[in-house]
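Thanks for coming, everyone. I'll walk you through one structure, step by step. Please look at the screen.

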Amino acid sequence: LDGSERETITPKDLDGYLPTWIDDETILFQGRPAGTDKFGGLYVADVSSGELTKVADLPARGSGLPWWTRSDLSPDGRTLLYHLPRHEGERLVWDLWTVPLAGGRATLLREDAGWGTYAPDGSIVFFDTLIVD
């Protein structure tokens, strides 16, 4: 806790953002190719072994988009909820997606929604019609 034994868990070619502890040994975070503005992907890092697993690619869906996303893990620890921006004409809108934490195909859950989070009972709370003018 005093920072004396800190370690970098991301490889040198990857910048890590928005970390979230999954349990005592694993961290979920967004990783971007170092020094770029690309979205990159969502990763899980095992802090004891140093193993890094990519859970989902985060494709950029237009130019001039913010490069970050927000994610949350389901109460059962099996599903990841995240949002991605896209342009709709001149407006910036967000869409809500899910993907299995073990990896797999991402599923669009809802368009024009973002900042989703899981409630303790597994239901999802989110902002509907999230549009930035």
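Let me start with a term. A pocket here is an open set of grid points with protein on both sides within 12 Å along at least five of seven lines. Its volume is the space filled by probe spheres set on those points. With that in hand, the largest pocket holds about 180 Å³ of space. Which residues line the largest pocket? They are E5, R6, E7, T8, I9, T10 and V47. Sorted by class, three of the lining residues are charged, two are polar and two are nonpolar.

A word on trust. This is a predicted model. The protein chain has a mean pLDDT of 84, and 89% of the residues score at least 70. Where is confidence lowest, and where is it highest? The low end is strand β11, residues 131-132, with a mean of 55. The high end is strand β8, residues 107-110, at 93. As a general caution, predicted coordinates should not be read in detail where pLDDT is low.

Now the overall layout. How many helices and strands does the protein chain have? Zero helices, eleven strands. Read along the sequence, the pattern is β-β-β-β-β-β-β-β-β-β-β. The protein chain has 133 residues, and 35% of them are buried.

Let's go to the start of that pattern. Strand β1 covers residues 14-21, and strand β2 covers residues 26-33. The two run antiparallel, joined by six bridges. One residue to find on β1 is G16, whose bridge partner in β2 is G31. Between β1 and β2 there is a hairpin connection of four residues.

Stay on β1 for a moment. L18 sits in this strand. L18 has a positive phi, about 50 degrees, although it is not a glycine. Is L18 buried or exposed? Neither: its relative accessibility is 46%, so L18 counts as partly exposed.

Next, the loop between β1 and β2. D23 is found there. At 42% relative accessibility, D23 is partly exposed, because that class lies between 20% and 50%. What does the side chain of D23 contact? Take T26: the side chains of D23 and T26 share a polar contact of 2.8 Å. Then take E25: its backbone nitrogen lies 2.8 Å from a polar atom of the D23 side chain. There is also a long step in sequence here. D23 and G77 are 54 residues apart along the chain, yet their C-alpha atoms are 9.4 Å apart in space.

Now move to strand β7, residues 91-100, where D95 has its place. Is D95 buried or exposed? Its relative accessibility is 1%, and the cut-off for buried is under 20%, so D95 counts as buried. Its side chain has polar partners. The side chain of D95 makes a polar contact with the side chain of R86, at 2.5 Å. The D95 side chain also reaches the backbone nitrogen of D112, at 2.9 Å.

One last stop: strand β9, residues 113-118, which holds W115. W115 is not a glycine, but its phi is positive, about 50 degrees. With 36% relative accessibility, W115 counts as partly exposed.

To recap, then. We have a predicted model with eleven strands and zero helices. The side chain of D23 contacts T26, and the side chain of D95 contacts R86. That's my tour. Thank you.

How values were computed:
Residues numbered from 1 in each chain as written. Predicted model: local features only at pLDDT ≥ 70, side-chain atom pairs only at ≥ 80, totals over all residues. Heavy atoms only, no water. pLDDT = per-residue confidence, 0-100. Pairing = 2+ DSSP bridges. 1 Å grid on protein atoms, 1.4 Å probe; cavity = no way out; pocket = protein on both sides within 12 Å on 5 of 7 lines; lining within 4 Å. Nonpolar A, V, L, I, M, F, W, Y, C, P; charged D, E, K, R; others polar. Buried < 20%, exposed > 50% of the residue type's maximum accessible area, 1.4 Å probe, protein only. Polar contact = N/O pair within 3.5 Å; in protein donor to acceptor, adjacent residues only side chain to side chain.
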